[in-house]
Amino acid sequence: MSRRHGCSAGGLVGLALLAACAAPPPAPVPAAAAPVVQIQPEPLPVTPLPVPQIVIVQSPPQAPALQPAAAPQPAAPQPAAPQVNEEEQQALLLLVDLQRYVVEAGEDLRRELAAANLALTRARSDANRIRLAMLLTLPTAGPPDDTRALSLLEPVVGRGGNASPMKQIASLLYAQISERARSVREEQRKTAAAQEKLDALRAVERSLLLERSRNAGGGGAGGGGGTGR
């Protein structure tokens with residue numbers, strides 16, 4: 001029994017040894033880290049180097065490159081304004097005056113007539129002739145003088161060449177005055193004919209009255225002679 005116990009004890013010791021061998025060895029204890037000492041290097045003597053002077057040269061500004069000008073686009077043709085020459089302008093002003101004469105009062109027209117006569121003596125232009133001829137036909141400006149008005153217009157109307165604005169105005173006014181003058185002459189002719197007839201009737205009436213008075217006087221004298229017998 002003591003042998004069995006010894007074997008058991010020896011077995012236990014062997015098992016312990018095997019377990020010890022099978023167990024991992026204990027981790028080594030790290031040694032304390034040595035302190036790190038930073039060594040500052042001694043500064044080396046520095047000799048300053050001479051800095052060369054830097055001169056900055058600015059180049060002149062470059063002119064911007066010129067872009068080639070675009071060719072101008074042809075503008076759309078505009079309708080040309082009608083050109084009014086001097087004669088046409090005078091004709092327009094004359095028409096304004098002629099329209100104004102129609103509505104002006106008699107006193108104003110008489111002043112216009114005097115001014116038109118004076119203007120014609122200074123310049124015998126077509127406009128002055130037509131203006132005066134128009135005023136001579138207006139009864140409110142004075143006694144109408146169609147004969148003089150027609151004589152003023154005849155040089156303008158009878159002028160050859162193209163029908164200028166002045167000639168057209170003068171021709172129209174000449175035709176109106178001529179028609180009115182013809183009407184006046186026709187009326188005067190009729191009036192004169194009627195007056196001649198009236199004068200002839202009055203002459204016949206006077207002749208009959210004279211003849212009757214003579215007959216009446218002769219009959220009275222004959223009756224008195226018969227009584228005396």
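This dialogue goes through the helices of one predicted model and how they pack.

Student: What should I know before I start reading the model?

Tutor: It is a predicted model, in which local features need pLDDT of at least 70 and side-chain atom pairs count only at pLDDT 80 or more, while totals for chains, interfaces and linings use all residues. Residues are numbered from 1 along each chain as its sequence is written, and side-chain values use heavy atoms, with hydrogens and water left out.

Student: How many helices and strands are there in the chain?

Tutor: Helices (H or I, at least four residues) and strands (E, at least two) are DSSP runs, numbered from the N terminus. In this chain there are six helices and zero strands, so that the order of elements from the N terminus reads α-α-α-α-α-α.

Student: How much of the chain counts as buried?

Tutor: A residue is buried when its relative accessible area is under 20%, exposed when it is over 50%, and partly exposed in between, using a 1.4 Å probe and protein chains only. By that rule, 17% of the 229 residues of the chain are buried.

Student: Which residues of α2 are buried, and where do they lie around the axis?

Tutor: The general idea is that an α-helix has 3.6 residues a turn, so residues three or four places apart point the same way. In α2 the buried residues are Ala91, Leu94, Asp97, Leu98 and Tyr101. They cover an arc of only 125° around the axis (taken from the directions from the helix axis to the C-beta atoms), which puts them on the same side of α2. On the other side of α2, Leu92, Leu93, Gln99 and Val103 are exposed.

Student: What does α3 look like when read in the same manner?

Tutor: Helix α3, residues 106–122, has 17 residues and reaches 25 Å from its first C-alpha to its last, close to the 24 Å expected at 1.5 Å a residue, where the expected span is 1.5 Å times one less than the number of residues. Its buried residues are Leu109, Leu113, Ala116 and Leu120. Seen down the axis of α3, these fall within an arc of 65°, so they line one face of the helix. The face turned away from that buried side carries the exposed residues Thr121 and Arg122.

Student: Which helices do the buried residues of α3 pack against?

Tutor: Contact means heavy atoms within 4.5 Å, and the buried residues of α3 pack against α2 (86–103), α4 and α5 (146–157). With α4, Leu109, Glu112, Leu113, Ala116, Asn117, Ala119 and Leu120 of α3 meet Asn128, Arg129, Leu132, Leu135 and Leu136.

Student: Is helix α4 itself largely enclosed or open, and why?

Tutor: In helix α4 (residues 126–136), 11 of the 11 residues are buried, so α4 is largely enclosed by the rest of the structure.

Student: What is Leu136, in helix α4, in contact with?

Tutor: Leu136 has 7% relative accessibility and therefore counts as buried. Leaving aside its neighbours within four places in sequence, Leu136 is in contact with Leu113, Pro143, Pro144, Asp145, Arg148, Ala149 and Leu152. Leu136 and Arg148 are 12 residues apart along the chain, and their C-alpha atoms are separated by 7.8 Å.
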